[in-house]
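User: Hi! I am new to reading structures, and I would like to learn how to look at a ligand and its surroundings. Could you walk me through it?

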Amino acid sequence: MRRYSAFAIAREAFRYHSGWARAWRSPEPKKSYDVVIVGAGGHGLATAYYLGKNHGITNVAIIEKGWLGGGNTGRNTTIIRSNYLQDESAAIYEKARGLYETLSQDLNYNVMFSPRGVMMLAQTEHEVRGYKRTEHANRLQGVTTEYITPARVKQLVPIIELKGPRYPVLGALWQPRGGTARHDAVAWGYARACSDMGMDIIQQCEVTGISQKGGQVTGVQTTKGDVACKKLGIVVAGHSGVLAEMAGFRLPIESVSLQAMVTEPIKPCMDVVVMANTVHGYMSQSDKGEMVIGGGADGFNNYTQRGSFHHIEETVRALIETFPIISRLKMLRQWGGIVDMTGDRSPILGKTPLENCFINCGWGTGGFKSIPGSGWAMAATMASGEPDGLAAGFALDRFREGRFIDESVAAGVAH
Ligand code: FAD
Ligand code: PYC
């Protein structure tokens, strides 16, 4: 595949952009592969990419029932941060944040990583204590965060109202190198690099069954026929329970719709990401000028990629309290994604009861930020057959053994 470069843009400008090649191939599935990954979201594609890049395993198929990046990866509010409380989480999220810093160069694809800073407002005494504790924990973990005063909040976000009608802003946890990236570009960049390594990305192909013999996985049944494999990775977010059932085991996962919306575009007015978790709303401004707004998760299990109406009202109310100047903006679009929630709000990454079948799920409302780190750890786990250091704490058996990694506060989203 030809490299993207300033020279290539100039060359194509002179020939009416007729020379660009397709970014990835769209092959039919082969009869067998060394590795099959189910799910071409960010985590599935990143797993495949690091299998090739770090472990030299390229006889890989990534099978996707819709279009690549069409699940939660293309539906999220693109916030990247690593200000989690527990050591296992800080390690994998900070690894991911670090990989995001150079991902555009690594993939030769502009993922528009923008380390503009992420702020989590403290609006109750309880939150003040919680975020100060997280700041101390982050310092020990080597994650750069800082607890800042209301005056500093106002300096960083001039449009904020510090004395809201319900909850005043008492301070904030600030991660200066957190930020955003273009979500589709992350999926597209990994897909292009995987295809370039010879991997097959098979879209519009649903996995309908998992074949096994003597407790070992042998392949998958799909709407485009049977495909054999030596190792299988299940990376399907909200559909993890469905795939686990096909493989013959159960997961402690609930699937719910989480929603987001954008306003009409306006001139630049806010150059950091703000999360207001007590009143519950979070907002950033996209490069196009739209205010990107995240809402809550439905309080009941479902598979509708839409979200309940009352969450729109709650979210808009919360954000108008926090940013009164947005009160007259029109909402442009609203949508939902099916997130996979575990009880401790931490992911599941590693082996399953079925031999050579691995799972990566449970990122819930917060797995966009972790895509590079998760792919890195999942690839290492699949290549060696044993949990990689970053993945070890997130094994499925923690739910049987009671070793929870409680991140319900750091997850930041009401659920
Ligand atoms: P997905 O991108 O959902 O990919 C899974 C893929 O599996 C899908 O494409 C699906 O079609 C495919 N699949 C399912 N079943 C099958 C089958 N049987 N056969 C073949 N393919 C199948 N995280 C953050 O870090 N920051 C945020 O700001 C943020 N905001 C969010 C806002 C919203 C509204 C939502 C919904 C999520 C948000 N998240 C955020 C969470 C984040 O988007 C997800 O955790 C992450 O994208 C999960 O990626 P994935 O690759 O695991 O799943
Ligand atoms: O994990 O930072 C996050 C997040 C923000 C909005 C949804 N998830």
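**Reading a ligand site**

Analyst: Happy to! Start with one contact: a polar backbone atom of histidine 43 lies 3.0 Å from an oxygen atom of ligand 1. Keep in mind that this model is predicted.

User: Which distance separates glutamate 64 from an oxygen atom of ligand 1?

Analyst: Here a polar side-chain atom does the work, and the distance is 2.6 Å. Threonine 73 also takes part, with an N or O atom of its side chain 2.6 Å from an oxygen atom of ligand 1.

User: How much of ligand 1 does the protein bury?

Analyst: To read burial, take the ligand by itself, then add the protein. Ligand 1 alone exposes 1,000 Å², and 96% of that is buried by the protein.

User: Which elements give two or more residues to the shell around ligand 1?

Analyst: They are α2 (42-55), β12 (254-263) and β16 (331-341). The largest share, 3 residues, comes from β12.

User: How many residues of each class does that shell around ligand 1 have?

Analyst: Sort them by class: 17 are polar, 14 nonpolar and 5 charged. Of the 36 residues around ligand 1, those that come nearest are Glu64, Asn72, Thr73, Thr77 and Lys369.

User: Can we try a single residue too? Where does serine 211 lie?

Analyst: Find its element, then its partners. Serine 211 sits in strand β9, residues 207-213. The side chain of serine 211 makes a polar contact of 2.9 Å with the side chain of glutamine 221. Leaving out residues up to four places away in sequence, serine 211 touches several residues, including Val217, Gly219 and Gln221.

Definitions and conventions:
Residues are numbered from 1 along each chain as its sequence is written. Chains are lettered from A and ligands numbered from 1 in the order in which they are written. This is a predicted model: local features need pLDDT of at least 70, side-chain atom pairs count only at pLDDT 80 or more; totals for chains, interfaces and linings use all residues. Side-chain values use heavy atoms; hydrogens and water are left out. A residue is near a molecule or strand if one of its heavy atoms lies within 4 Å of it. A polar contact is a pair of N or O atoms within 3.5 Å; within protein, one must be able to donate a hydrogen and the other to accept it, and residues adjacent in sequence count only if both atoms are side-chain atoms. Accessible areas come from the Shrake-Rupley method with a 1.4 Å probe; for residues, only the protein chains shown count as cover. Helices (H or I, at least four residues) and strands (E, at least two) are DSSP runs, numbered from the N terminus. Ala, Val, Leu, Ile, Met, Phe, Trp, Tyr, Cys and Pro count as nonpolar, Asp, Glu, Lys and Arg as charged, and the others, Gly among them, as polar. Contact means heavy atoms within 4.5 Å.
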